[in-house]
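Here's a quick tour of a few local features worth a look before you set anything up. Have the viewer open and follow along.

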Amino acid sequence: MISIQDSDDDRAFKDLNVVGMLHQFWEQKQVKEAIVETENLVVYESIPSPGPPFICYVTLPGGSCFGNFKYCYTKAEARRDAARVALMNSTFNELPCRCITPEFIARSIQEAVLTTGGNIEDASDPGTSIGAYCLMLQSNTGKTMLEFQEIMTVFQLLHWNGTLKAFRERRYSRQEVISYYSQQCLDECMRSHMALDWLQRERLRPGLLSHELQLALKELAEARQAGRELRFYKEKKEILSLALSQANADRLEEEDWRGQDTGLDYLTHTAHCMNDSMEAPEHCRFYYQESGSDRESLG
């Protein structure tokens, strides 16, 4: 993703219909790729506010999300600025250097080794972090980095939720987990299960959700103001908000939640699906296990 900084050159965009240009860009791209559905390609979400600064998010086909990074005095200005950020990232993503090729993978692995102080030989071992990263890149050869980020968002959320650590403790290999979850989409079912996991944590540690939500909101604001891709941060905020909303309702109607599933049954379902087939039923998503933070990339 490209980070957008404010400059005098940005004024040129004020005279352009960037909202229309962004829609046209993705419409042409979808037609070129023989995708029939070309309506509602780009989805805008304006955050309710009594006054400035106004905030707007724009979600692209595939799920990538961007927002306005300027201080906007009107909702229309926020919408245009969000579209501008998304348009610049969309066009930049079409450059050949943004396509995952064997050469790109080789460079990325070398950079990862230098950054982490790892060993280049680890790239051939999926059991290592470098090897897992290499496997992820190789399995997405031919895709753009924007498409790769959309897939990685799922694994970022699994890492954040503690799922990857729990799978490792159950002795599932990184390769098995990557193969399974690479086929899963980030949908309402997955979000609901994550929210349930965080609700269970809240029951054990009251006040945790409010604290985590404040951190998530801060991260989202910082990423937006830097012009970065936002889906991971926005998904965290929405999952925690959903869990907190239920926690508040839970306090009012506590008996409605007595005897609910502990959430760990999802582990049994998911493990069963991974053992039987990569084509898992829709209800097989994931689980949560209270086992501390997971610092290692990809589990």
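At what angle do the axes of helix H4 and helix H7 cross, and how many Å apart do they come?

## H4 against H7

Bear in mind that this is a predicted model. Helix H4 covers residues 129-138 and helix H7 covers residues 174-181; their axes cross at roughly 30 degrees and come within 10 Å. Angles under 35 degrees count as roughly parallel, so that's the label for H4 and H7. As for handedness, the crossing of H4 past H7 is right-handed.

Who's touching whom? On the H4 side you'll find Ser129, Ala132, Leu135 and Met136, and H7 brings Arg174, Gln175 and Ile178 to the contact. Sorted by type, the residues of this H4 and H7 contact come out as four nonpolar, two polar and one charged.

## H5 against H8

Next up is another helix pair. Helix H5 (residues 145-161) packs with helix H8 (residues 188-204) at an angle of about 15 degrees, and their axes are 11 Å apart. H5 and H8 are therefore roughly parallel to each other as well. Their crossing is left-handed.

From H5, the residues in play are Val154, Leu157, Leu158, Trp160 and Asn161, and they meet Met190, Met194, Asp197, Trp198 and Arg201 of H8. That set of contact residues in H5 and H8 splits into seven nonpolar, one polar and two charged.

## Gly63 in its loop

Now hop over to the loop between strand E2 (55-59) and strand E3 (65-67), where Gly63 sits. Is Gly63 buried or exposed? Its relative accessible area is 10%, so Gly63 is buried, the cut-off being under 20%.

What does Gly63 contact, if you skip its neighbours within four places in sequence? Glu150, Glu229 and Arg231. There's also a link across the sequence: Gly63 and Glu147 are 84 residues apart along the chain, and their C-alpha atoms are separated by 9.0 Å.

## Backbone oddities

Most residues other than glycine have a negative phi, and most peptide bonds are trans. Two spots here go the other way. One is the peptide bond from Pro52 to Pro53, which is cis, with omega near 5 degrees. Pro53 belongs to the loop between strand E1 (43-47) and E2.

The other is Arg171, which isn't a glycine but has a positive phi of about 70 degrees. You'll find Arg171 in the loop between helix H6 (163-169) and H7. With a relative accessible area of 76%, Arg171 is exposed.

Notes
Residues are numbered from 1 along each chain as its sequence is written. This is a predicted model: local features need pLDDT of at least 70, side-chain atom pairs count only at pLDDT 80 or more; totals for chains, interfaces and linings use all residues. Side-chain values use heavy atoms; hydrogens and water are left out. Axes are lines fitted to C-alpha atoms, for helices over the stretch in contact, and angles run from 0 to 180 degrees between N-to-C directions. Helices (H or I, at least four residues) and strands (E, at least two) are DSSP runs, numbered from the N terminus. Angles under 35 degrees count as roughly parallel, over 145 as roughly antiparallel, 65 to 115 as roughly perpendicular and the rest as oblique. A crossing is left-handed if the near helix is turned anticlockwise from the far one by less than a right angle, and right-handed if clockwise. Contact means heavy atoms within 4.5 Å. Ala, Val, Leu, Ile, Met, Phe, Trp, Tyr, Cys and Pro count as nonpolar, Asp, Glu, Lys and Arg as charged, and the others, Gly among them, as polar. Buried means under 20% relative accessible area, exposed over 50%, partly exposed in between (1.4 Å probe, protein chains only).
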